[in-house]
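Me: Here is the structure I would like to go through. Could we discuss it in short questions and answers?
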Amino acid sequence: MTTKSPLVFTLIAECHTTKARVSRMVLPHGPVDMPVFMPVGTQGTLKGMLPEQLEELGLQIMLANTYHLGTKPGVEILEKAGGLHKFMNWNNCLLTDSGGFQMVSLLKLAEITEEGVRFQSLNDQKAEVMLTPEHSIEIQNAIGADIVMQLDDVVRTTNPDKARIEESVHRTTRWLDRCLQVHKKPDTQSIFPIVQGTLYEDLREISAKDHIKRHVNGYAIGGLSGGESKDDFWKIVHLCTNILPKDKPRYLMGVGFAEDLVICCALGCDMFDCVFPTRTARFGCALTRTGQLNLKKEKFKKDFKPIDENCPCNTCKNYTRAYLSGVVTVYPSACHLITEHNVVFQMRLMKDIRESIKQDKFPEFVRKFMLDLYPNKEYPTWVRDSLSAVNISLTL
Amino acid sequence: MKFYVESVSKCAQRLGTLSEIDAKPSVSIKTPAVMLHTQGGQIPHITHEVFKLVSRDPQILQIPLAGMHTFKEAMQYYEGTISNFIGSKDSLTCLTLQDPCNITKQGHNSTLKVPIWTKNGKVYYDAKSYMDVVESFKPDIYFLLSDGDTNISSSEKRISKSLSNTVSFYKECLERHRKSQTLANSFVIAPVVGGYKQLAREKFLKSILADVKDVGGFLIDGLHNNGPETEFLEFAEIEPVVKNILNKLPTDKLRVIQGCWNPVNVINLVEMGIDLFDSSYCHILTERSAAMTFAIEPTDQTDTYEINLRDAKYLDDFQPILTGCNCTSCTKYSRAYIHHLLSVHELLGPILVMIHNVYHYLRFFEKIRKCVKSNTLQALQVSITEQFQNHQKTK
C-alpha cells in the first residue's frame, strides 16, 4: 500500500558551472519554488503583517517556532484550533523548528542529557521542564506544519571541545530515530534530520552520512551562522551539500543575509530562514542590493525617493525615504511598512536567483550581484574563495 | 470644498455633504461623519494599504500636528500635498493642532503661542509658524490655531487668556489664509473657545462672528484636554455649553468636535447638530485591548457592549470578535488567536483589534446617518444607552 508523500520534490534546472539548482517541492499546503527564503513568524504571526498580505505577495512558506508556540498558546489550544494553519489563518506552507536551538540560545540554564534538554521554563511558574525528541515531535504534530525538524543536540560553533561535538553528532542521530519513531502524521508532515558537527569536517561527514541512511524527505544543515568565521562557514556548507543527495531539498538553517544566500545557493542549498530581514525592519533598516539603509539617519530627512526605485512593493510605491525616516521606530505601522519591503526584497532576490539558474546565467548573476555590493571590487576573501570553489571567478 | 447642509434649525440633528473638493471632484463626504484619526500619517496600527481591507470609501484623515512636526522641514521641500507625502493620495486631510488621543498637558500656555508635544518634547507654535506649516502641508481642511487648553475646572484667568490668544490667532491666521494662493482651496475651521463659562463663549463668538467670510466651519474647542478621559465626560456637563454655542453659530457652516467621545455621547452630539467627529475612540479602545461589540442593528448577535480580548476567558474561544460582523478580523480570525497575539505582545494583535474597531465605528456612523435621514435617531440612542448602562453595571 502506498500513501501519499507529504513532500514531492522535482528538480527543474541545474547551473552548469556551480552546484546551484532550481527545484520545486509540493507540500500538503501547496508548492514551494526553491531556492526559497522562509521568513520567520515566531509566535504564529509574521511581525505586523496579515497572512492575507503575505499571500498576496506570493509567499509560499514561512517558519514558526516550536518552543514559543509550545509555551503559548500551548499544545491544547493548538489542537483545539485544528493546528496552526487554521489558528493563524495561513493557507500556504509552514515549517517548524524543533525548539532545541531556542533552548540553547535563549535559556542559560539548559542542561542536555541523553534523554533531552532540561531547562527552566520561561513561563510564570519557572518550573523545570524537559524537552525530549518525543515531546518536540508531539508539539510539532499539534502545530501541524508541512515540514518539521528533528530535535538536535546543538553545540555552539565556537565551542572547541571535540569530544563534546562528537557526542552531539551521534546523539543527534539517535534523537532523529526517536523523532521518526513517534511521528504521528507521516502522511502530512515531513521530518527533516539536521546535520551537526560544528566546524569539524570529519564529524560533519559522519553526521551527514548517518542521516542519509534514514528514510526522510529532506535534510537540514544546522549549527552554522553562530558566530564562526565566514571562511569556516562556507567550507562546511560546501562539504555537506557534496554528501547530501541531489533528489531531496537541502535546508541551510539560520542564513538570511543577501550575500550569504547567493553564495549558499551556488553551493547547492535550497531553503533558508533567518529573523534578520524582519528584525532589522523593526530598527528602521531597509534592505537593498547595494546594502542596508538605516532610515533613521539624518541624510534621509529630505530624500523623496522610495527605498528602492526598482522595488515593486507597496512601501516603495507609496512612501518616500523622507516619510519613513520620520516614522520608523516611532509608530508600529512604520515597522509594518519596512517589514513588507524587506520580505519582498528577500523574495525578489530568490526569484532572480531562480530565473538566472533557469536561463543558465547564474554565474553572470552572481558577478553582477557582487559588483553591485562591492563596486570597488574589494571582495571579502571568503566570497572569492567560496565562489571559486564552484568555478566562479570574480577577478574576470 | 463646500459644505451643504439640509437643515436650517440651529440646534438639531442634520444631514450634510462636503463636496466640490478641488483636487478630488468626484469625492463627497456625507455628514454626520467621522474623520480617521492618524498619528504620524497612519491610522494607528493600520497602514493605508491594510485600511483598504476595512473600507474603500473616501475618507478624511485627521492629521494632528504633534505627530507631523518632525516633517516640518521636509515638507518645505516636498512638492506634493500632505496626503501624497503620508502615502494616501486619495484621502482628504484635515490638519489639527492637538492629538485627541494624547492628553494636552496643562499649564504650559504662553502669550500668543501654544505648545504641542512631539516625540522630541514640547514645541511652541505661533500664528506665523503654524500657518507656515499649513502652507507647506496643503491640507484639504485645517483648524486655525487655537489655545483650547481649558476644561470644566479651568480658572477665569486661564479662560480669559485662552480667549485673547485664540482671537488673536484667528485674526492673524485668517489674514494669512486670505493672502495665500496655496490655501485658496483649503477649507478653514475656526475653533470656538471659552471653557465652560457661557459668558466667555459668547464674548469669543462676538469677536469672531463679525468676520466669518472664508470660514467653512467651527470647532467646539476647549471642552477637555484630550486623551482617554474624554470618553467618560458627562453629557449633562457639556450639553449647556455646546447648546449655547450651536445656537449662536451660523447654521450653514460645518460643526466639528474633537475627542474620543463614547458612542452614547456621539449620538447626543449628533442630535444637537454636530457634523464631524474623529475616530480616536477606536484607538483608545484598542490600546486597552478592547473591541467594540455593541449592537448597531437590532439584529446584531451580541449581548456585550465591549469585550477585553486579553481576558483569559478568550484563550480557547474560537468565535469571531462579533458574530456576523463582516470585517477582515471577524471573518478570518478568532478571539483565541487575537488573545494569543495580545498576550505575547505581537504587532498583529492590535492590528486585528483596530481593524474591527474602525470597521464597527464606520458602520455606527453609517447607521447614524440612516437614522437622521429616517428620523429614528431616538431609537438608536435608547438602544446604545441601554447597552452602555448594562456594560457599566457588569464592569
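Me: How many residue pairs are in polar contact across the interface of chain A and chain B?
Reply: The rule finds 13 such pairs across that interface, both residues at pLDDT 80 or more. A polar contact is a pair of N or O atoms within 3.5 Å; within protein, one must be able to donate a hydrogen and the other to accept it, and residues adjacent in sequence count only if both atoms are side-chain atoms. This is a predicted model, in which local features need pLDDT of at least 70, side-chain atom pairs count only at pLDDT 80 or more, and totals for chains, interfaces and linings use all residues. Residues are numbered from 1 along each chain as its sequence is written, chains are lettered from A and ligands numbered from 1 in the order in which they are written, and side-chain values use heavy atoms, with hydrogens and water left out.

Me: Which element gives the largest share of the side of chain A that touches chain B?
Reply: That is H14(A), with five residues. Helices here are DSSP runs of H or I with at least four residues, strands are runs of E with at least two, and both are numbered from the N terminus.

Me: And how many salt bridges are there between chain A and chain B?
Reply: There are four, where a salt bridge is a side-chain nitrogen of Lys or Arg within 4 Å of a carboxyl oxygen of Asp or Glu. A salt bridge joins the side chains of Lys302(A) and Glu73(B), at 3.0 Å from N to O.

Me: How many residues are in contact?
Reply: Chain A has 37 residues in contact with 42 residues of chain B, contact meaning heavy atoms within 4.5 Å.

Me: Changing topic: where does UniProt place the "active site"?
Reply: The unreviewed UniProt entry places this feature at Asp97(A) and Asp273(A). They span 177 residues in sequence, yet no two of their C-alpha atoms are more than 10.4 Å apart, so they gather at one spot. Asp97(A) and Asp273(A) are both included in the lining of the largest pocket. On a 1 Å grid over the protein atoms alone, a pocket is an open set of points where a 1.4 Å probe fits, with protein on both sides within 12 Å along at least five of seven lines; lining residues have an atom within 4 Å of a point.

Me: Where is Asp97(A) found?
Reply: Asp97(A) is in the loop between strand E6 (93–96) and helix H5 (100–106) of chain A.

Methods. UniProt positions are given in the numbering used here, feature names are shortened, and annotations may be inferred rather than shown by experiment.
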